[in-house]
Amino acid sequence: MIKTPNGIKLSCKGWQQEGILRLLLNCIDPDIAKDPKNLIAYGGNGKVARDWDSFMAIMDSLLRLENDETLLIQSGKPVGVFESYEDAPRVIMAGSLIVPYWSDWNNFRKLEDKGLTCYGQSTAGSWAFIGAQGILQGTWETFYQLGKAYFNSDLTGKFVLTSGMGAMGSAQPLAATMNGASVLVVDVDRNAIKRSLIESFCDYMTEDIDEAISLIYDSIRKTEPISVGLLGNAAWVYPEILKRGIIPDVVTDQTPAHDLLSYVPLGADLRELDNMRVKEPERYVELSKESIAIQVQSMLEFQRNGTLVFDYGNNIRKQAYEAGIMDAFDIPSFVPLFIRPLFCEGRGPFRWIALSGDPEDIYRTDEVILKEFSDDEVLMKWIPQVEERIRFQGLPSRCCWMNYEERVRFGLIMNDMVRRGILKSPIAITRDHLDSGSVASPYRETEGMMDGSDAIADWPVLNALLNASSGASLVGLYGGGGVGIGYSIHSGMTIVADGDASTDERLSRVLNNDPGLGIIRHADAGYEKAKDIAVKLLKPVMG
Ligand code: NAD
């Protein structure tokens with residue numbers, strides 16, 4: 001297994017390439033990745049490269065890449081090095097994209113079997129995955145905003161039911177308890193729950209549904225948050241909870257329902273299912289659909305009984321709809337419920353990684369946030385909690401949601417810290433693809449847009465083109481992601497703050513333009529908040 005290099009010694013011909021290479025290796029660091037041997041970082045089968053030959057060729061190309069060249073990656077395979085110029089991206093990618101008419105899982109799998117593509121999820125394909133913290137922060141932010149919007153900013157004594165403790169879903173127990181809730185998380189895989197216990201993401205594990213419920217009720221009575229991992233299938237547990245007349249305050253789900261071959265259906269043991277997945281994939285898919293239908297019917301029943309139920313970005317409603325649950329879309333997605341107002345101000349998941357490998361570099365940046373952004377109440381809550389509760393995985397990193405003005409200010413401060421030697425080596429600045437202007441995803445980020453522009457995919461394309469012309473170090477455009485092939489197009493970007501004075505200009509362009517486009521996108525859709533900000537801070541032309 002390859003360990004990510006760190007320190008100040010360069011293996012590449014510049015920090016831009018070096019930063020990208022370290023991020024790629026970081027994504028398959030054994031401490032971070034779901035299945036590093038198969039190059040899978042997270043999210044079902046989200047891969048960093050098409051295969052090991054491609055991976056090695058990418059490494060080799062990055063090591064040789066000149067400071068005025070650009071490496072092109074097509075769905076995890078390096079295809080060519082082109083002459084560009086110093087401020088151009090060192091890496092440009094496109095991944096998991098299929099011409100719309102053919103863009104579905106069936107065609108994707110046929111093309112994948114022929115070795116022509118691979119699934120990059122979001123930050124796996126763009127090498128910006130940072131392990132548990134990334135999703136913990138996003139999940140924490142979601143629960144925080146949920147509390148603010150529906151529970152008077154307080155989830156204390158509230159019962160949250162959810163499922164899936166995989167790479168993304170494992171953040172749910174900790175994110176919910178950090179917000180004060182009592183949370184029951186269902187997973188079919190004992191090892192997934194055990195990993196969460198070891199990481200202290202989850203407090204308790206049981207195989208007994210009644211014990212799980214009693215632990216939750218105890219914690220609600222004592223108003224002491226608890227997370228309980230229940231070994232079981234969500235399609236069995238959700239109806240069982242209903243049968244007991246129990247109505248949680250919040251219900252959601254983070255099983256890998258976007259991919260019917262990753263979701264685990266009812267009715268067979270895991271080994272038998274592993275065999276079926278390979279030998280009889282059609283039968284497996286049918287079983288998954290049946291189980292998802294049962295699970296979503298229960299979610300709808302909870303909703304009818306007053307529970308706040310939401311889809312957490314895994315396309316479970318669409319799968320259920322196709323399995324005959326015609327009212328599956330009565331369940332709203334989390335974005336229109338709590339996240340869109342943040343997108344309107346260009347607020348989204350910003351992250352940075354210490355290429356030195358030294359945690360002290362991140363602690364120095366935390367200090368800056370606490371001092372410089374003290375009027376941002378969410379940041380003031382998040383930073384102390386994350387420092388206390390999260391250990392670094394792979395290269396030390398930090399993430400938090402920042403708005404349009406904060407991102408550029410902070411990026412320039414970090415570049416200055418690198419320049420003055422306050423940080424030991426450069427910092428890679430990147431973000432999730434679930435951002436204000438970087439995604440078209442009608443069942444998630446762009447669901448229910450005010451002007452009906454949910455499926456307009458021009459925006460992420462414009463975002464990638466704008467970031468490339470602004471001077472990001474890596475830019476990419478991808479299909480699929482959390483909701484699966486055919487359901488979203490999104491773009492990723494990374495920029496390395498190497499301390500150079502000329503990088504100030506690049507940072508300023510990229511960190512203004514990237515979220516700026518998000519504000520313009522929402523202003524164009526008619527959101528007043530975005531319109532106000534656009535008129536004040538940007539140069540909107542129409543709309
Ligand atoms: P993963 O493959 O790492 O883990 C999934 C977990 O679900 C596994 O532990 C598995 O055992 C469990 N599971 C599968 N079927 C189950 C069932 N029927 N009942 C109970 N447990 C079951 O996936 P992940 O990275 O955790 O991602 C989960 C989902 O969330 C994916 O669909 C992903 O695309 C989506 N996602 C959402 C967001 C977001 O922003 N909300 C972001 C990224 C990914």
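In this predicted model, a polar backbone atom of Ala167 is placed 2.9 Å from an oxygen atom of the ligand. Side chains also approach the ligand through polar atoms: one such atom of Asn233 lies 3.0 Å from a nitrogen atom of the ligand, and one of Tyr263 lies 3.4 Å from a nitrogen atom of the ligand. The ligand, which would expose 860 Å² if taken alone, has 95% of that area buried by the protein.

The surroundings of the ligand comprise 32 residues, of which Asp187, His258, Val264, Tyr312 and Gly482 come nearest. In terms of residue character, this shell is made up of 14 nonpolar and 14 polar residues, together with four charged ones. Because residues of the shell are contributed both by domain 1, which spans 17-130 + 340-537, and by domain 2, which spans 154-332, the ligand lies between the two domains.

Apart from the ligand shell, the pockets of the protein were examined. The second largest pocket holds about 300 Å³ of space, and its lining consists of 17 residues, among which Ala457, Gly486, Tyr487, Ser488 and Ile489 are the closest to the centre of the pocket. When the lining of this second largest pocket is divided by residue character, 10 residues are nonpolar and seven are polar, while no charged residue is found there. The shell around the ligand, by comparison, includes four charged residues.

Methods: Residues are numbered from 1 along each chain as its sequence is written. This is a predicted model: local features need pLDDT of at least 70, side-chain atom pairs count only at pLDDT 80 or more; totals for chains, interfaces and linings use all residues. Side-chain values use heavy atoms; hydrogens and water are left out. On a 1 Å grid over the protein atoms alone, a cavity is a set of points where a 1.4 Å probe fits but cannot get out, and a pocket is an open set with protein on both sides within 12 Å along at least five of seven lines; lining residues have an atom within 4 Å of a point. Grid points are joined across faces, edges and corners, and a volume is the space filled by probe spheres set on the points. Ala, Val, Leu, Ile, Met, Phe, Trp, Tyr, Cys and Pro count as nonpolar, Asp, Glu, Lys and Arg as charged, and the others, Gly among them, as polar. A residue is near a molecule or strand if one of its heavy atoms lies within 4 Å of it. A polar contact is a pair of N or O atoms within 3.5 Å; within protein, one must be able to donate a hydrogen and the other to accept it, and residues adjacent in sequence count only if both atoms are side-chain atoms. Accessible areas come from the Shrake-Rupley method with a 1.4 Å probe; for residues, only the protein chains shown count as cover. Domain bounds come from an automatic or database domain assignment.
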